[in-house]
Amino acid sequence: MYIKKECVAMLLAGGQGSRLYALTKDMAKPAVPFGGKYRLIDFPLSNCVNSGIDTVGVLTQYQPLVLHDYLGNGQPWDLDKMHGGVHALPPYQNINGASWYSGSANAIYQNISFIDRYNPTYVVVLSGDHVYKMDYNKMLEFHKAKNADCTIPVLDVPLEEASRFGIMTADENGFITKFEEKPKEPKSTLASMGIYIFNWDKLKKALIENEADASQEKDFGKNIIPNMLGEGDVMVAYPFDDYWKDVGTLDSLWDANMDLLNPNIPIDLYDPNWKMYSRNPVMPPQYIGEDAKIENSMVTDGCEIFGDVDFSVIFEGVKIGKGAKVNYSIIMPGTVIEDGATVEYAIVGENSVIGKNAKVGTDPTAYDNRDDWGIAVVGHGINVGEGKSVLPKAIISENV
Amino acid sequence: MSDKNVLGLIFSNLHDESIIDITRRRTMGSVLFGGRYRLIDFPLSAMVNSGVNEVGVITKKNYQSLLDHLGNGREWDMSRKNGGLHLLPPFSHNQDGIYRGRLEALYGVWEFVLRSNADYILLSDCDVVANMEYDKIIDTHISSGADITAVYAKGTVRMDESHANTVFGVANDGRIADVLINPELSGDSNISLNTFVIGMKLLKNIVMHAQPRNLYDFERDVLQARVRELIIKGYEYTDYYSKISSIQSYFEANLALLNTKNRHALFPDDRPIYTKVRDNPPAKYGVTASVKNSLIGDGCIVDGTVENCILFRGVKIGAGTSLKNCIIMQDSIIGKKCALENVITDKKVIISDGRLLTGSSRCPLFLAKESEI
């Protein structure tokens, strides 16, 4: 017996995130650590819970082990429910054989039966790699008030960046008249945030038609949205002017972490009315040593800091040795920065070791030509030996 | 892991009077400790880590904070179909349910004890902070053939804390020969850590014998009175511990965690201490922060100078403020340009800008829960 849910969320979490290179070698992008205590998927999941959506299907495919393990039974997000809750939905075998998810639309198509069990009126389609706080319930109220078939949250982006997004043209009432995925010559600056609310009957019909048409790709932005517009479905743009970041690249991942340290950037993790949930580590409080220096940084349980930390995000269980310096960097869970090591403008993955007096990354001011410089990245479980160097812009996925 | 069937019983209210300021509105078990814990987290986690999968928590009064903290035991992995955590508020057939001592408390929960299939009972209080390997203690109890095993540590009793310590005389063969309850002595002693292992059958005899005779004190009416008749063995505990018998030893036990060796001994990676999850974001240090030799909980926002302090989860320290040798419990807010030294604030204390508060290391200044200055 399934009790009807007004709204079910489907979270796309199967992508490889190939532009995060070493950081997504062994884990899907939504499982990448973010913000000192979170993984990217905590943002959409916490948004769901805070918006009153208690049924979430998480579509997984690429390297799902870490992600499945992290989700568990959904208890950290209060999503271990008798009716609903969080469900990991990897691809499966059926009577016609097995097929991988061949696109965002196909992933939802293959899980129509999951959605149908809850007989929802609305389905929210979310992405597992965006950092933002959003009340989906407010968007749903807007969707209902507009009598829409599909509502797409939009950001106003600079014209020169518009060709990276799905760009839409809307009339004065917000009704979308045109949608182009990553246009070469954008006609507007209203960019799709890549998340949607649909009336489930309309979406289901569009998914089935898209699947039946072998000439089409199986993608929301490229196919489903333009197809529905073509059918004359009512599509509205929902303006969003709060903080939002797609962390698809190493630079944007670094930027978004640094944004958390900037008091002028409106993403507040400390708001008691919009709690960010995550699987909390079981570790003692962080210890800041006698000779440590720590400023402008976020640090989590289980850390032991004996060196200098400035403008950095330090995840749980990280040890920073005496005389070590960590500036403008992101150090992921369980990593050890040994005595005298220097880590600057870098991202260091989980459970890695930066040996004594090793040097990872440098300050960009030393470079005349900024193109030669970039964030240094050390992958997960990597050992950078004593006194070794990792140059800026390098991406390390083997021991050095 | 012990393969024996052991029932753990934790007494949350005994010793409340040791730190009466902090236990005014809570049990000893729910006293905050070490930046994110409550005292009961230590025996309870150690039981979980020792394979003691069924635990009853015996309460008496002021237990709302304790119930709130423990919930259904999920965070200790003790929300189980078989065994798990059981909260045992006062219950009595005759009196008002308020027991006078350990024996009477056991009588009050006897039906619960009987329902378990345990062969052995492990008794613990909440006044000792340690990460005991109970499985070793239980195995030793079984192999020694003792009737009762009492855990003690060699240590020094301070004169002002003698009222809160039981001391053992231990013979060469490990048998306890003498039991002194709250003796007026100080110096090196075998201090009871209020942790006992006893067989189910014997405990049943003891409890049933005691009740009709109006005996209620385990130390006095069993350990001391029957020290010749029963084989009571001492188990010397040699790892890190601290025993809380006064506000001063509470203060020192907290600050002792600033020593990295002590901290590693209390929190080994393979025997974690569990506690209630609060979903705090990471701690955030501002441009004007300066922190030395301190233990900081998640969710703190630090803009001031903090030295030799323990800040619990969700504490805010304003810019220009200086804290030295302080214990600031969760969600307290210290304003700007304050100076605090040797101060303990309970939860949710608010100190407005510019205040100067000083206690001494022997007598730290204590501010009660939710007080505003």
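# Close-up views of a predicted two-chain model

**View 1. Chain B as a whole.** Chain B has nine helices and 28 strands. Keep in mind as you look around that this is a predicted model. The C-alpha trace of chain B spans about 65 × 45 × 40 Å along its principal axes. How does its radius of gyration sit against that of a compact globule? A compact globule of 373 residues would come out near 21 Å, and chain B has 21 Å, so the two agree. Of those 373 residues, 59% count as buried. Pick out the contacts in chain B with a separation of 6 or more, and 59% of them turn out to come from residues 24 or more positions apart.

**View 2. The surface and charges of chain B.** About 14,600 Å² of chain B is exposed, with carbon and sulfur atoms supplying 47% of it. Chain B carries 43 positive and 44 negative charges, and the mean positions of these two sets are 4 Å apart.

**View 3. Two domains in chain B.** The domain assignment splits out domain 1 (6-266) and domain 2 (284-367) of chain B. Where they meet, 20 residues of domain 1 of chain B and 22 residues of domain 2 of chain B take part in the contact. Taken over C-alpha atoms, the centres of domain 1 of chain B and domain 2 of chain B are 32 Å apart.

**View 4. Helix 8 of chain B, tucked in.** Zoom in on residues 247-255, which make up helix 8 of chain B. Seven of its nine residues are buried, so this helix is largely enclosed by the rest of the structure. Which residues are the buried ones? They are Gln248(B), Ser249(B), Tyr250(B), Phe251(B), Ala253(B), Asn254(B) and Leu255(B). And what covers them? The cover includes strand 2, strand 13 (241-243), strand 19 (310-311), strand 22 (327-328) and strand 25 of chain B.

**View 5. Tyr237(B) and its company.** Tyr237(B) sits in the loop between strand 12 (232-236) and strand 13 of chain B. Is this residue buried or exposed? Tyr237(B) counts as buried, because its relative accessibility is 6% and the cut-off for buried is under 20%. Setting aside residues up to four places away in sequence, Tyr237(B) touches Ala130(B), Asn131(B), Met132(B), Val151(B), Tyr152(B), Ala153(B) and Leu193(B). Ser249(B), one of the buried residues of helix 8 of chain B, is 12 residues from Tyr237(B) along the chain, and their C-alpha atoms are separated by 19 Å.

**View 6. Thr23(B), a buried loop residue.** Look in the loop between strand 1 (6-11) and strand 2 (32-33) of chain B and you'll find Thr23(B). With a relative accessibility of 4%, Thr23(B) counts as buried. Beyond its neighbours within four places in sequence, Thr23(B) is in contact with Asp16(B), Met28(B), Val31(B) and Asn62(B).

**View 7. Positive phi in both chains.** Lys348(B) isn't a glycine, yet its phi is positive, near 55°. Lys348(B) belongs to the loop between strand 25 (343-345) and strand 26 (350-351) of chain B. At 38% relative accessibility, Lys348(B) counts as partly exposed. Over in chain A, Asn357(A) also has a positive phi, about 55°, without being a glycine. Asn357(A) is placed in the loop between strand 27 (353-354) and strand 28 (359-360) of chain A.

**View 8. Gly230(A) in helix 7 of chain A.** Helix 7 of chain A covers residues 220-230, and Gly230(A) is found in it. Is Gly230(A) buried or exposed? At 67% relative accessibility, Gly230(A) counts as exposed. Thr177(A) is 53 residues from Gly230(A) in sequence, and the two are 9.6 Å apart in space, C-alpha to C-alpha.

**View 9. Chain A as a whole.** Eight helices and 32 strands make up the secondary structure of chain A. Along the principal axes, its C-alpha trace spans about 65 × 50 × 45 Å. Chain A has a radius of gyration of 22 Å, which agrees with the value near 21 Å for a compact globule of 400 residues. Of the 400 residues, 56% count as buried. The accessible surface of chain A comes to about 16,400 Å², and 48% of that belongs to carbon and sulfur atoms. As for charges, chain A has 35 positive and 54 negative ones, with mean positions 3 Å apart.

Key. Residues numbered from 1 in each chain as written. Chains lettered and ligands numbered in written order. Predicted model: local features only at pLDDT ≥ 70, side-chain atom pairs only at ≥ 80, totals over all residues. Heavy atoms only, no water. Helix = DSSP H or I, 4+ residues; strand = E, 2+ residues; numbered from the N terminus. Rg over C-alpha atoms; globule rule 2.2 N^0.38 Å. Buried < 20%, exposed > 50% of the residue type's maximum accessible area, 1.4 Å probe, protein only. Areas by Shrake-Rupley, 256 points an atom, 1.4 Å probe, with all protein chains shown as cover. Lys, Arg positive; Asp, Glu negative; His and termini not counted. Charge placed at Lys NZ, Arg CZ, Asp CG, Glu CD. Domains from an automatic or database assignment. Contact = heavy atoms within 4.5 Å.
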